[in-house]
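Trainee: I am new to this structure and should like to go through it by question and answer. May we begin?

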Amino acid sequence: MTQDNMEKAGRAPEVQVPEGTDAASRAQRRAWRDRLNDDSFRRMLIGVLVTLVGGSFWGFSGTAASILFDVYHVDTLWLMSTRQILAGALFLIVILLFDRKRFVKLWTTPEHRRIQIVFTFCGLCANQLFYLLAVRLTNAGTATVLQCLQLVFIMGYTCLRDHRSPRRRELAGLVLAFAGTFLIATGGDITQLAIPPAGLAVGLLTAVGASLITILPVKILREYGSTVVTGSGMALSGIVMSLIFQPWSHVPAFDANGWIVLAVFVFIGSFLAYLLYMHGVKEIGSVRASLIGTVEPVSATVTSALLLGTAFAGTDILGFGLIIAMVFLTV
């Protein structure tokens, strides 16, 4: 098959790299390397951009939840069940269109199905519930920053699994994490709490749930991919929660703005944020994506301040900075 025919058939032509030492061969090899470098740079740039946008969108979800709680007095369980069922439905559409075979295989393989169910309720569902409770009891920025403490729990799990002591960088990150949490919780005054004790507790539970999201599905993620695993989890938890809480029977009295905020929360802050972020992980790797993902608490803090007028003290900002620095040390 000629190169033209291969291109018409939708297949990339094989690249014949010249092996000669003459000037023309060297020039062709240099042009070939430049094309590869340009393609790698484009993929890296796209990966960085979509990861940045995805992380920012996750931050929007916390601010949108705050608006729904403060302005429309939405019940936490109603919001969670609605989010899970709607975002889960969007994921299922994507899965059934593009990844149906792996979806069917996941749910027809008993061992993997058990892992999926445990991940759904002990990881994904728990994290979402505690995060929304933390937003309600504190604010979007604080809840999102506390969730970053998941890396401390992941570090502890990794050390136990590998039978090793924490490395110096990990210990430094641990110190920063405790210092940041102390500043956020107390405002620098050890005699009082700057946020409600319940808010601090559920914020830490949010971090535990987030760490379980990373730890529990490792085996099935490798085989089925993140879209199938997370989409299945959101759909399953949405179905179960909707059957229990029946969100359709007590819909809040939204005006047009309320429906818009709910749509942002579900579509942008949940579904689209995840798709973009995971595409970034695919293009640039999990380490770079984790670092860029630290834009999430920044986004939540900025949008909360701008849209809700949330005031953050200097100790809050310093605590946020210490926890974000912890992320850079431990990933």
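Trainee: Is Phe-328 buried, partly exposed or exposed?

Mentor: The model is a predicted one, and Phe-328 is found in helix H15, which covers residues 314-330. Buried requires under 20% relative accessible area and exposed requires over 50%. The relative accessibility of Phe-328 is 42%, so the residue counts as partly exposed.

Trainee: How far is the C-alpha atom of Phe-328 from that of Ile-292?

Mentor: Along the chain, Phe-328 and Ile-292 are 36 residues apart. In space, their C-alpha atoms are separated by 9.7 Å.

Trainee: What does the secondary structure of the protein come to?

Mentor: The protein has 331 residues, and 44% of them are buried. Of the contacts with a separation of 6 or more, 81% join residues 24 or more positions apart. The secondary structure comes to 15 helices and 0 strands.

Trainee: Which helix gives the most to the largest nonpolar core?

Mentor: The largest nonpolar core has 41 residues, and Leu-68, Leu-79, Leu-132 and Phe-265 touch the most other members. At least two residues each come from helix H2 (23-70), H3, helix H4 (100-108), helix H5 (110-137), helix H10 (218-224), H11 and H12. The helix that gives the most, with 8 residues, is H12.

Trainee: Which residues does Phe-265 contact, leaving aside neighbours within four places in sequence?

Mentor: Phe-265 is among the residues that touch the most other members of the largest core. Beyond its sequence neighbours, the contacts of Phe-265 are Ser-61, Ala-64, Ala-65, Leu-68, Leu-79, Arg-83, Leu-132 and Ser-270.

Trainee: How many residues are in the second, separate core?

Mentor: This core includes Val-152, Ile-184, Ala-185 and Val-327. The core is separate from the one already described, and its size is 18 residues.

Trainee: How are the rings of Trp-78 and Phe-254 arranged: stacked, tilted or edge-to-face?

Mentor: A search of the whole structure finds 6 aromatic pairs. In one of them, the ring centres of Trp-78 and Phe-254 are 5.9 Å apart. Planes over 60 degrees apart count as edge-to-face. The planes of Trp-78 and Phe-254 stand at 65°, so the pair is edge-to-face.

Trainee: How many residues apart in the chain are Trp-78 and Phe-254?

Mentor: Trp-78 belongs to helix H3 (residues 76-98), while Phe-254 sits in the loop between helix H11 (226-245) and helix H12 (256-284). Trp-78 is buried at 4% relative accessible area, and Phe-254 is buried at 12%. The pair links distant parts of the chain, with a separation of 176 residues.

Trainee: Which residues form one aromatic cluster with Trp-78 and Phe-254?

Mentor: The cluster brings two further residues together with Trp-78 and Phe-254. These are Tyr-72 and Trp-259.

Trainee: Which residue of the pair Phe-267 and Phe-271 is buried?

Mentor: Phe-267 and Phe-271 both lie in helix H12, 4 residues apart, about one turn of the helix. Phe-267 has a relative accessible area of 38% and is partly exposed. At 7%, the buried residue is Phe-271.

Trainee: Which helices do the buried residues of H9 pack against?

Mentor: H9 has 19 residues and spans 27 Å from its first C-alpha to its last, close to the 27 Å expected. Its buried residues include Gly-199, Leu-200, Val-202, Gly-203 and Ala-207. The buried residues of H9 pack against H5, helix H6 (140-147), helix H7 (150-162), helix H8 (168-186) and H10.

Trainee: Which backbone oxygen does the side chain of Thr-206 reach?

Mentor: Thr-206 lies in helix H9 (residues 197-215) and is buried at 0% relative accessibility. Not counting residues up to four places away in sequence, Thr-206 touches Asn-127, Phe-130, Tyr-131, Ala-134 and Gln-147. Its side chain reaches, at 2.8 Å, the backbone oxygen of Val-202.

Trainee: Why is Cys-125 in no disulfide?

Mentor: Cys-125 is buried, with a relative accessible area of 11%. A disulfide requires two cysteine sulfur atoms within 2.5 Å. Cys-125 is in no disulfide because the nearest cysteine sulfur, that of Cys-122, is away by 9.4 Å.

Key: Residues are numbered from 1 along each chain as its sequence is written. This is a predicted model: local features need pLDDT of at least 70, side-chain atom pairs count only at pLDDT 80 or more; totals for chains, interfaces and linings use all residues. Side-chain values use heavy atoms; hydrogens and water are left out. Rings of Phe, Tyr and Trp (its six-membered ring) pair if their centres lie within 6.5 Å; planes under 30 degrees apart count as stacked, over 60 as edge-to-face and the rest as tilted. Buried means under 20% relative accessible area, exposed over 50%, partly exposed in between (1.4 Å probe, protein chains only). A polar contact is a pair of N or O atoms within 3.5 Å; within protein, one must be able to donate a hydrogen and the other to accept it, and residues adjacent in sequence count only if both atoms are side-chain atoms. Contact means heavy atoms within 4.5 Å. A nonpolar core is a set of buried Ala, Val, Leu, Ile, Met, Phe, Trp, Tyr and Cys residues joined through side-chain atoms within 4.5 Å. The expected span of a helix is 1.5 Å times one less than its number of residues.
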